[in-house]
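Please look through the sequence and the model below before reading on. The report that follows takes up one strand and its neighbours, then the sheet, and then some helices and loops.

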Amino acid sequence: MTDAPSYDTRLLTPETWADFAALVEANNGVWGGCWCIGFHPEGLAGTAEDHRSAKRAHTDRGTVHQVLVYDGGAVVGWCQFGTPDELPNIKNAKAYEAELADLPQWRIGCIFTGSKHRGKGVARAAVSAVLTEIAAAGGGVVEAYPEQVVDRKPQRGAYLHTGPESLYEELGFVRDRRIAKWRWVVRRTVEA
């Protein structure tokens with residue numbers, strides 16, 4: 001039996017920007033140029049270069065929360081998180097708002113793993129590190145918007161940019177409500 005890889009994690013900051021950018025650029029800007037900006041207030045309006053500039057501006061201003069996962073000296077994945085004000089855009093927003101009782105203190109947005117590192121625990125390391133960061137920032141209710149993979153046919157060529165529901169279940173999240181055929185709101189309270 002092989003031991004799972006051991007990863008280091010660091011926050012996305014101006015000092016780690018080049019590491020983040022290297023992984024994004026190696027993956028065609030991620031999904032054709034989103035640069036992990038879709039959950040941010042400006043969303044996906046504009047070009048890939050606009051998205052890159054917006055993400056860099058958030059990084060320089062400190063208005064981004066994102067854990068980078070390192071394997072050695074290279075970033076191999078990340079998990080984005082933030083307050084609802086920092087990450088106001090979610091897929092299926094109309095369905096989300098229809099049954100909304102109260103906003104969480106934190107949202108987990110995108111998860112990305114470089115293609116050569118998928119299936120090796122990168123997403124788990126990223127989300128676990130996010131939960132540690134949230135605890136250090138005072139904790140609170142955390143929401144994520146993963147896709148259901150159990151009882152679903154494999155999706156050829158699909159990438160679960162918000163992660164699989166099973167990962168969140170393993171980390172203590174529970175279903176709150178369905179907002180699309182295969183997408184759920186899951187919640188967990190993180191203690192400070």
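## Strand β5 and its surroundings

In this predicted model, strand β5, which covers residues 140-144, is mostly covered, since four of its five residues are buried. On one side, β5 pairs with strand β4 (residues 106-113) in the parallel sense, and two bridges join them; within this pairing, W106 stands opposite V142 of β5. Between the two strands the chain passes through helix α4 (residues 122-136), and the β-α-β crossover made in this way from β4 to β5 is right-handed. Strand β5 is also joined to strand β7 (residues 184-190), here by five bridges and with the two strands running antiparallel. V142 appears again in this second pairing, where it stands opposite R188 of β7. When following these strands by eye, it helps to remember that in a regular strand the side chains alternate between the two faces of the sheet.

Helix α4, which links β4 to β5, can be checked with a simple piece of reasoning. Because each residue adds 1.5 Å, the 15 residues of α4 should span 21 Å, and the end C-alpha atoms are indeed 21 Å apart, which agrees. Which residues of α4 are buried? They are V122, A125, A126, V127, A129, V130, L131 and I134. After α4 comes G138, whose phi is positive, near 115 degrees.

## The whole sheet

Strand β5 belongs to an open sheet of seven strands, whose order is β1-β2-β3-β4-β5-β7-β6 and whose pairing is mixed. At the edges lie β1 (8-11) and β6 (174-178), each of which pairs on one side only. On average, neighbouring strands of this sheet are turned by 30 degrees against each other, if direction is ignored. The edge strand β1 is joined to strand β2 (residues 65-71) by four bridges, and these two strands run antiparallel; in this pairing, R10 has L68 in β2 as its bridge partner.

## Two helices and the loop between them

Helix α1 (residues 17-26) and helix α2 (residues 48-61) have axes that come within 12 Å of each other and cross at roughly 160 degrees. Are the two helices roughly parallel or roughly antiparallel to each other? Since an angle over 145 degrees counts as roughly antiparallel, α1 and α2 are therefore roughly antiparallel to each other. The crossing in which α1 passes α2 is right-handed.

The loop between α1 and α2 holds W35, and C36 lies in the loop between α1 and α2 as well. W35 has a positive phi although it is not a glycine, and C36 likewise has a positive phi without being a glycine. Their values are set out below.

| Residue | Phi | Relative accessible area |
|---|---|---|
| W35 | about 55 degrees | 5% |
| C36 | about 55 degrees | 2% |

Because buried means under 20% relative accessible area, W35 counts as buried at 5%, and C36 is buried at 2%.

## A proline in a later loop

P164 has its place in the loop between β5 and α5 (165-170). Is P164 buried or partly exposed? With a relative accessible area of 23%, P164 is partly exposed. P164 and H117 are 47 residues apart in sequence, and from C-alpha to C-alpha they are 16 Å apart in space.

Note on methods. Residues numbered from 1 in each chain as written. Predicted model: local features only at pLDDT ≥ 70, side-chain atom pairs only at ≥ 80, totals over all residues. Heavy atoms only, no water. Buried < 20%, exposed > 50% of the residue type's maximum accessible area, 1.4 Å probe, protein only. Pairing = 2+ DSSP bridges. Right-handed = clockwise from strand over helix to strand, strands pointing away. Expected span 1.5 Å × (residues − 1). Axes fitted to C-alpha atoms, helices over the stretch in contact; angles between N-to-C directions. Parallel < 35°, antiparallel > 145°, perpendicular 65-115°, else oblique. Left-handed = near helix turned anticlockwise from the far one by under 90°.
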